[in-house]
Amino acid sequence: MSYDDDNIFAKILRGEIPNDTVYEDDAVLAFRDIAPQAPVHVLVIPKGAYVSLDDFTQKASAEEVGRFFKRVGEIARSLGLEKDGFRTIANTGVDGGQEVPHFHVHLCGGRRLGRMIAKA
Ligand code: 5GP
């Protein structure tokens, strides 16, 4: 799947759509989900044009992948999520229920989140 420059997170990265930023550096942006599923629901995205976790882990260097996930952990700690725990989700493709085709990690916490996957 090729990267769609018109996806909503590409527009956020270009500053065309506002976001509630919690962290930003040269390679990573973290912002609050517009429709939070938990008291804390933050999306962490690389600034590079990657469609999904599958795409990211194929095309990005090991250094970039490692740096990204180091940041995910740092952002979780900056939000205090490590104290009571949290859930990290990276939906990929159709079966994964991915809606926005720019790789992102959901950080969710602030309450007991229950079962990992609801029965269909
Ligand atoms: P996915 O289903 O692709 O894993 O998750 C996409 C997430 O992006 C959803 O949780 C959805 O609420 C969030 N989202 C969609 N559009 C926007 C937006 O314009 N701004 C923000 N902050 N989040 C968005």
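This briefing covers the ligand and the two largest pockets of the structure above. The model is predicted. The ligand sits in the largest pocket. Its shell holds 16 residues. The protein buries 85% of the area that the ligand exposes when taken alone.

**Residues around the ligand**

- Five of the 16 residues around the ligand come nearest: Asp-33, Asn-91, Glu-99, His-104 and His-106.
- By class, the shell around the ligand has eight nonpolar, five polar and three charged residues.

**Polar contacts and burial**

- Asp-33 uses its side chain: a polar atom there lies 2.5 Å from an oxygen atom of the ligand.
- Glu-99 uses its backbone: an N or O atom there lies 2.7 Å from an oxygen atom of the ligand.
- His-106 uses its side chain: an N or O atom there is 2.8 Å from an oxygen atom of the ligand.
- Taken alone, the ligand exposes 520 Å², and the protein buries 85% of that.

**Elements of the ligand shell**

- Two elements give two or more residues to the shell around the ligand: α1 (8-13) and β2 (28-32).
- The largest share of this shell comes from α1, with three residues.

**The largest pocket**

- This is the pocket in which the ligand sits.
- The largest pocket holds about 530 Å³ of space.
- It is lined by 25 residues, and the closest to its centre are Phe-9, Asp-33, Leu-43, Glu-99 and His-106.
- Four elements give two or more residues to the lining of the largest pocket: α1, β2, β3 (40-46) and α4 (93-96).
- α1 supplies the largest share of this lining, three residues.
- The lining of the largest pocket divides into eleven nonpolar, nine polar and five charged residues.

**The second largest pocket**

- The second largest pocket has a volume of about 230 Å³.
- Its lining residues include Gln-37, His-41, Arg-87, Ile-89 and Cys-108.
- Also among them are Arg-111, Leu-113, Arg-115, Met-116, Ile-117 and Ala-118.
- β4 (86-89) and β5 (105-109) each give at least two residues to this lining.
- The lining of the second largest pocket has six nonpolar, three polar and three charged residues.

**Residues to find in the model**

- Start with His-106, which is among the residues that come nearest to the ligand. His-106 is also listed in the lining of the second largest pocket.
- Next, find Asp-33 and Glu-99. Both are among the residues that come nearest to the ligand, and both are among those closest to the centre of the largest pocket.

Methods:
Residues numbered from 1 in each chain as written. Predicted model: local features only at pLDDT ≥ 70, side-chain atom pairs only at ≥ 80, totals over all residues. Heavy atoms only, no water. Near = heavy atom within 4 Å. Polar contact = N/O pair within 3.5 Å; in protein donor to acceptor, adjacent residues only side chain to side chain. Areas by Shrake-Rupley, 256 points an atom, 1.4 Å probe, with all protein chains shown as cover. 1 Å grid on protein atoms, 1.4 Å probe; cavity = no way out; pocket = protein on both sides within 12 Å on 5 of 7 lines; lining within 4 Å. Sits in = over half its atoms within 2 Å of the grid points. Nonpolar A, V, L, I, M, F, W, Y, C, P; charged D, E, K, R; others polar. Points joined across faces, edges and corners; volume = space filled by probe spheres on them.
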